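Work through the exercises below with the sequence and the model open. Try each task before you read its solution.

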Amino acid sequence: MDTKILLKSNIVWKKHPVNERFFYVKQENQIVLLRINNFPDEPLFSLINGLDILDMEDRPDGWDIEW
């Protein structure tokens, strides 16, 4: 799925079962990852969509993260 579409989508991120710094969602038969970084030294989040990596300071409004 295109990263721009992901940023505008309503997504419920699930906690990764092994690594507590990652959350995931399955979109169009692809796993997309959301990494929690070492804030404030790094951006708060990194969205990993295949080879596309986007650093973000804020969570889009339509995203729900299952802490």
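## Exercise 1: The turn between E2 and E3

Glu28 has a relative accessibility of 59%, so Glu28 counts as exposed. Keep in mind that this is a predicted model.

**Task.** Find where Glu28 and Asn29 lie, and state what is notable about the phi of each.

**Solution.**
1. Place Glu28. It lies in the loop between strand E2 (22-27) and E3.
2. Place Asn29. Asn29 also sits in the loop between E2 and E3.
3. Read phi for Glu28. The value is near 50°, which is positive in a residue other than glycine.
4. Read phi for Asn29. Here the value is near 60°, again positive in a residue other than glycine.
5. Check exposure. Asn29 has 72% relative accessibility and therefore counts as exposed, because the cut-off for exposed is over 50%.
6. Name the motif. E2 and E3 form a hairpin with two residues between them.

## Exercise 2: From E1 to E3

**Task.** Trace the pairing of E1 with E2 and of E2 with E3, and give how many bridges join each pair.

**Solution.**
1. Start with strand E1 (residues 11-15). Two bridges join E1 to E2, and the two strands run antiparallel.
2. Look at the connection. A hairpin of six residues links E1 to E2.
3. Pick a bridge. Lys14 has Tyr24 in E2 as its partner.
4. Move on to E2 and E3. Six bridges pair these strands, in the antiparallel sense.
5. Follow Tyr24 across. Tyr24 stands opposite Leu33 in E3.
6. Put the two steps together. Tyr24 has Lys14 as a bridge partner and stands opposite Leu33.

## Exercise 3: Strand E4

**Task.** Decide which residues of E4 point one way and which the other, and whether they are buried or exposed.

**Solution.**
1. Recall the general pattern. In a regular strand, side chains alternate between the two faces of the sheet.
2. Apply it to E4. Phe45, Leu47 and Asn49 point one way from E4, and Ser46 and Ile48 point the other way.
3. Check burial on both sides. All of these residues are buried.
4. Draw the conclusion. Five of the five residues of E4 (residues 45-49) are buried, so the strand is largely enclosed by the rest of the structure.
5. Identify one neighbor. Strand E3 (residues 30-36) pairs with E4 over four bridges in the antiparallel sense. Leu34 stands opposite Leu47 there.
6. Identify another. E5 pairs with E4 in the antiparallel sense, over five bridges.
7. List residue pairs toward E5. Ser46 is opposite Asp55, and Asn49 is opposite Asp52.
8. Inspect the turn. E4 and E5 make a hairpin with two residues between them, and Gly50 in the turn has a positive phi of about 65°.

## Exercise 4: The negative patch

**Task.** Which residues form the negative surface patch?

**Solution.**
1. List the members. They are Asp41, Glu42, Asp55, Glu57 and Asp58.
2. Locate one of them. Glu57 lies in the loop between E5 and E6.
3. Check its exposure. Glu57 has a relative accessible area of 44% and is therefore partly exposed.
4. Link back to E4. Asp55, a patch member, stands opposite Ser46.

## Exercise 5: Two prolines and a buried Phe

**Task.** Where are Pro40 and Pro60, and where is Phe23?

**Solution.**
1. Take Pro40. Pro40 is found in the loop between E3 and E4.
2. Look at the bond before Pro40. The peptide bond from Phe39 to Pro40 is cis, with omega near 10°.
3. Take Pro60. Pro60 is in the loop between strand E5 (52-56) and strand E6 (63-65).
4. Judge its burial. Pro60 is at 15% relative accessibility, so Pro60 counts as buried; the cut-off is under 20%.
5. Compare sequence and space. Pro60 and Val12 are 48 residues apart in sequence, and their C-alpha atoms are 11 Å apart.
6. Take Phe23. Phe23 belongs to strand E2 and is buried, with a relative accessible area of 1%.
7. Compare again. Phe23 and Leu7 are 16 residues apart along the chain, and 15 Å separates their C-alpha atoms.

Note on methods:
Residues are numbered from 1 along each chain as its sequence is written. This is a predicted model: local features need pLDDT of at least 70, side-chain atom pairs count only at pLDDT 80 or more; totals for chains, interfaces and linings use all residues. Side-chain values use heavy atoms; hydrogens and water are left out. Buried means under 20% relative accessible area, exposed over 50%, partly exposed in between (1.4 Å probe, protein chains only). Two strands pair if DSSP finds at least two bridges between them. Patches are made of residues with over 30% relative accessible area and no salt bridge: like charges are joined within 9 Å, nonpolar side chains (Val, Leu, Ile, Met, Phe, Trp, Tyr) within 5 Å. Accessible areas come from the Shrake-Rupley method with a 1.4 Å probe; for residues, only the protein chains shown count as cover. A salt bridge is a side-chain nitrogen of Lys or Arg within 4 Å of a carboxyl oxygen of Asp or Glu. Lys and Arg count as positive and Asp and Glu as negative; His and the chain ends are not counted. The place of a charge is taken as NZ of Lys, CZ of Arg, CG of Asp or CD of Glu.
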